[in-house]
Amino acid sequence: MDQALPISETIPGVPPRRTFAIISHPDAGKTTLTEKLLLFGGAIREAGMVKARQDRRQTRSDWMKIERQRGISVTSSVMTFEFGGAVFNLLDTPGHEDFSEDTYRTLTAVDSAVMVIDAAKGIELQTKKLFEVCRLRNIPITTFINKVDREGQNPFELLDEIADTLALDICPMVWPIGMGGLFKGCYDLRNDKLVSARKPGEDAAPHDFAIPADQKAQLDEDVELIRAAFPAFDQQSYAEGHLTPVYFGSALKDFSVRELLEGLVANAPPPQPRESDTRVVEPGETPVTGFVFKVQANMDPQHRDRIAFTRICSGKFTRGMKLTHSRTGKPMAIQAPIFFFAQDRSLAEEAYPGDIIGIPNHGTLRVGDTLTEGEKLRFTGIPDFAPEILRRVRLADPMKAKQMKKALEDLAEEGVTQVFRPMNGSDWIIGVVGALQLDVLASRIEQEYNVPIAFEPAPFDTARWIFSEDTARLKFFIEVNKSAMSEDREGSPVYMVRNSWELNRMKENFPELTFSATRERR
Ligand code: GDP
């Protein structure tokens, strides 16, 4: 390893953790880069295995067909690998916008993000949306401008676009020498070296390569311009989310993948302190704490398992430990926690802050739940989002009402959908953020619970959680709007909104009430 590890690591003697996600617009190259990171980390042996793994999973359950048919990835998973003396936990996020809710929650569990941009396309819609979430949470961003082996936009223009669109300071780390047909390799601006493609396992010393004289002159000019126009890398500014280091490269052809990893080892933040309802929890504290950011049911339909993906926030976790489930106050012995690798899982004997363990359970653990060694606290900042699509649920077979209830409740806990029970007793309403979620929902209910189900339009546009200090006024609002009121999974009152005009009128008439588009999980 050619770079020293940062000094402020969490627990002495334990390899540093880098827990991060890749954000991008579909097709920018997230899957390809993920695969290369795993390859360099020795977690897989040949390219093509990430897709192969997905294929294997897809054959297991039918709803995965949707994923295959539409060529998108709909489930987040965790992949652990090592590089340069650090343990990386890569949290995969679905790229399709319909699954942004899942993505938002995954981003609550990372310490930094890598933003992949297609050099020909620049910043695209989904990149921007995901970036905004990172900014809201002060997540530091490293930028990888991909596909420089193809014709792309001028690199300086790309940097301007990032700076202007995202209001970020830029620090180029690796620069492309030519693009498309003229692409020759990259230049490491930090170490003043030419870098050619470096395959995993190859000598870390970059080898020189020949550049035609005119391209060499252009490179010299570019480097001079970069030095004059951009600030030097500033660790603090990056850590605070104001500055992004930028790597130009090609995931497909192995350019700058190693440099990116080295940069993450050297600069990306170690596990960060987390806010809770009572205090800030430091990763170096001895007692174990963690929170659930994702629940996935039926990963293996044979076992009907339900895995709660839990981020360790402090302490040293050991298998068999008893943790207190802070929502219910009940102790849970964690006997079979799981680590996830690119291709398989293993029992997690020990886990440290920044690590993600999967806890098999039968529905006790929900998204947003906190686990501690007894201290009463709850990690905050894991929201539900107001659904943008609402449907009434019609049951084809009334004998299956109980199974349907179970299915909807399970899938609501997983975050695939939200369920609303109208206060006037009419059919349940489900809410999703994107249309594709409806297909997944129907298909999974049919496959996994054997309940044929249909969705009918509901006369509502969206929903708002309502809160007020003034309980009398809140009660009055609920009374007069009974036909538009529902309860969510937790029993909180939700106002179903017919249109924005109506919502605005209600806000004017009831200024003591808050109409919220998000709700913190309790
Ligand atoms: P995702 O949707 O962001 O996961 O994108 P993929 O990784 O599936 O890549 C989309 C397409 O771009 C695929 O056909 C890749 O082979 C291609 N691709 C990814 N990275 C590169 C690259 O660095 N250079 C070139 N030329 N193509 C790439």
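**Two open sheets and a ligand shell**

In this predicted model, eight strands make up an open sheet whose order is β26-β23-β25-β24-β28-β29-β27-β30, with antiparallel pairing. The edges of this sheet are held by β26 (453–457) and β30 (514–516), each of which pairs on one side only. From one strand to the next, the twist averages 40 degrees.

At the β26 edge, the neighbouring strand is β23 (residues 389–395), and five bridges join the two in an antiparallel arrangement. One residue of this pairing can be located exactly: Leu395 has Ile453 of β26 as its bridge partner. Helices also lie across this sheet. Helix α10 (residues 401–414) lies across β23, β24 (418–422), β25 (429–432) and β26, and runs at about 130 degrees to β24. Helix α11 (residues 436–449) lies across β23, β25 and β26, and its direction is at about 150 degrees to β26.

A second open sheet contains nine strands in the order β2-β3-β1-β4-β5-β9-β6-β7-β8, and its pairing is mixed. Its edge strands are β2 (78–83) and β8 (193–195); each has a single partner strand, so one side of each is left without a neighbour in the sheet. Here the twist from one strand to the next averages 25 degrees.

Within this nine-stranded sheet, strand β1 (residues 17–24) and strand β4 (residues 112–118) run parallel and are joined by five bridges. In this pair, Ile23 stands opposite Met115 of β4. Helix α1 lies across β1, β2, β3 (86–91), β4 and β5 (141–146), at about 155 degrees to β1. Helix α5 (residues 125–136) also packs on the sheet, where it touches β1, β4 and β5, and its direction makes about 145 degrees with that of β1.

Helix α1 also leads to the ligand. Which element supplies the largest share of the shell around the ligand? That share, three residues, comes from helix α1 (residues 30–40). In total, 17 residues surround the ligand, and the closest are Gly29, Lys30, Thr31, Thr32 and Leu252. Sorted by class, the shell consists of four nonpolar, seven polar and six charged residues.

The protein as a whole may be considered last. Its secondary structure comprises 13 helices and 31 strands. Of its 522 residues, 44% are buried. Among contacts between residues at least 6 apart in sequence, 73% join residues at least 24 apart.

Methods:
Residues numbered from 1 in each chain as written. Predicted model: local features only at pLDDT ≥ 70, side-chain atom pairs only at ≥ 80, totals over all residues. Pairing = 2+ DSSP bridges. Helix = DSSP H or I, 4+ residues; strand = E, 2+ residues; numbered from the N terminus. Axes fitted to C-alpha atoms, helices over the stretch in contact; angles between N-to-C directions. Contact = placed C-beta atoms within 7 Å. Near = placed C-beta within 6 Å. Nonpolar A, V, L, I, M, F, W, Y, C, P; charged D, E, K, R; others polar. Buried ≥ 20, exposed ≤ 12 C-beta atoms within 10 Å, placed from the backbone.
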